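Colleague: I should like to learn how to read a few features of a structure, beginning with the cysteines. Could we go through them in turn?

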Amino acid sequence: MLVGANLLRRLLRSQLSADDGGTGFIITAIHHLRPQYSTTTEFSDEGNSENKKESKWFTLPPFAKTVSASELGAKLARKNHLKSATSAETSAYKTTALKWVLKCCPELPRNLVQKLFRLRQVRRESIAMEVTDDGCQVQKIQLKRVGAKDSLNIGDKIFLPISVREVPEEKHEHDCTDEESNFIRSLELYKDTAIIVLNKPPGMPVQGGIGIKWSLDELAAAWLRYDYSESPRLVHRLDRDCSGILVMGRTQMSAAILHSVFREETLGASKHDSDNEKRVLQKRYWALVIGSPRRPKGTISAPLQKVVVDDGKSDRITVFEHNKTILSSQRAITEYRVIKTSTHGNIIVTLVSKSDFGIAYPLMLSDLNAGFTWLELSPLTGRKHQLRVHCAEVLGTPIVGDYKYGWQAHRRLQNLAESDLRKNSNEKVAKENMLPFGLNMDSGSISEKQLRLHLHCREMILLNVSQVLQNPKSFTDDDLSKLKSLEIVAPLPSYMQKSWDILNS
């Protein structure tokens, strides 16, 4: 009886408020009988009112040693030698509160989680030993506010307001017809447990924004989730008018790993990593250009910068001025080779110098009598408009349909007399050729006046991430050597295929 009375007295004295003005509760024998990962935790709020309101919290699993997606991505990209073994080992034991919440609750919108941190509604469990008036030690748990960037230690628990469980699941439903949803699924080139690869149609943006009704990321979230609780996430991007291979991660982990691989490959090329080191990520674009490079193949290393034009109304990417210090984030490297050159139609191309844009630079002139040339472009870095600028300003061969960086070359083409290429052209787009979402991939070939961008991500080689995720914690260098690569090829859009056929006829 004496033991029971002492225990009861300690329980009654343990209802103390937390240091942060919040609440506290006692770990008792009853508490230890609960499941290890309880979804809610109840404790009393001690305010100024006489009636104490009961509060509930949504409890996340304790932070434990995890796999770092960035470290694993660097390892897959064979750039892990750039980081010390100590830092790599330490990073597995460290993470921020924000990252842990997003990892444990992938279904919660990121902006909602960030708002919870801004409103200081996220707590971390803090355990302290207190001595009561009768000399007994009581273990007290306090919930203290935690910031989004605060580091967690092994065993830390994060508590969210119970109201997050009542947040309706983010809906990605769109008012799409069966034809439109089937069209989105028809874009799939490859799918496994980790990634989905699409053949992006030209004219459709990959991300939403002001004035954009349809975007691939939103449509994928609505129609390509299948039985997954998470929506596919973008790993890289393509320009709106560009077509071809677009990789999306099916989970937060797979997307983070692939994003790290893409980033490491770009950083490695920018820092002039060893050329002998095999690249685990290879991207090959096909482009039809006006004119022909003077050399059949080569490597372009020309840093890029953004400049403001038209009195601040617009901007463009251009080759970096030589008298300025170049940052690693501005380096841009592209490998190219000529696939086929055609003088079909005897088109003579006159190129302009960069001084027409108000900036002087030495232009490498192309063969002006070459007509059109098919190029294979392999970007080693991933800068905005990199391939378009390198073709137009370095090789002197603007991509067909790229009016932004090759407008004068296209104006010369438009002023030419009608060639054999355009005699039988019918530029009226038949309604039966229109695809869902207002897309049309038939018009825009070199047989028509209004040319479309002839730039297509045709081939990509990347590591099979689904094999890595089978056992990421025990993934070794030996496993890396046995890891197979995926080779994905995307067929050309109809108008580019038509241009190919015309030049080969």
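Modeller: A disulfide is a pair of cysteine sulfur atoms within 2.5 Å. Please bear in mind that the model before us is predicted.

Colleague: How many disulfides does a search of the whole structure find?

Modeller: The search returns zero disulfides. Cys-104 is in none, and the nearest cysteine sulfur, belonging to Cys-105, lies 6.0 Å away. Cys-104 is partly exposed, because its relative accessibility is 24%.

Colleague: Why does the sulfur of Cys-242 form no bond with the closest cysteine sulfur?

Modeller: The closest cysteine sulfur is that of Cys-457, and at 6.9 Å from the sulfur of Cys-242 it is too far for a bond, since a disulfide requires the two sulfur atoms to be within 2.5 Å. Cys-242 counts as buried, because its relative accessibility is 2%.

Colleague: How should one read a nonpolar core?

Modeller: In soluble globular proteins, nonpolar side chains tend to be buried together. Here the largest nonpolar core has 73 residues, and those that touch the most other members are Leu-76, Val-247, Leu-377, Phe-437 and Leu-455.

Colleague: Which residues does Phe-437 touch, not counting residues up to four places away in sequence?

Modeller: With those neighbours set aside, Phe-437 is in contact with Cys-176, Glu-180, Phe-183, Ile-184, Met-204, Trp-214 and Leu-219. There is also a second, separate core of 19 residues, with Phe-63, Trp-100, Leu-102 and Val-122 among them.

Colleague: Is Thr-95 buried or exposed?

Modeller: A residue is called buried when its relative accessible area is under 20%. Thr-95 has 15% and is therefore buried. Its place is in the loop between α4 (85–91) and α5 (97–104). Leaving out residues up to four places away in sequence, Thr-95 touches Phe-63, Trp-100, Asp-150, Ser-151 and Leu-152. Of these contacts, Phe-63 and Trp-100 were named above as part of the second core.

Colleague: How many cavities of 30 Å³ or more does a search of the whole structure find?

Modeller: A cavity is a space where a probe fits but cannot get out. The search finds two of 30 Å³ or more, and the second largest has a volume of about 50 Å³.

Colleague: Which residues line the second largest cavity?

Modeller: The lining consists of Leu-76, Leu-258, Val-261, Val-280, Leu-281, Leu-462, Leu-463 and Val-465. By class, the lining has eight nonpolar residues, no polar and no charged. At least two lining residues come from each of α9 (252–270) and β17 (455–463). Leu-76 links two topics, as it lines this cavity and is listed among the best-connected members of the largest nonpolar core.

Note on methods:
Residues numbered from 1 in each chain as written. Predicted model: local features only at pLDDT ≥ 70, side-chain atom pairs only at ≥ 80, totals over all residues. Heavy atoms only, no water. 1 Å grid on protein atoms, 1.4 Å probe; cavity = no way out; pocket = protein on both sides within 12 Å on 5 of 7 lines; lining within 4 Å. Points joined across faces, edges and corners; volume = space filled by probe spheres on them. Helix = DSSP H or I, 4+ residues; strand = E, 2+ residues; numbered from the N terminus. Nonpolar A, V, L, I, M, F, W, Y, C, P; charged D, E, K, R; others polar. Core = buried A, V, L, I, M, F, W, Y, C linked by side-chain atoms within 4.5 Å. Buried < 20%, exposed > 50% of the residue type's maximum accessible area, 1.4 Å probe, protein only. Contact = heavy atoms within 4.5 Å.
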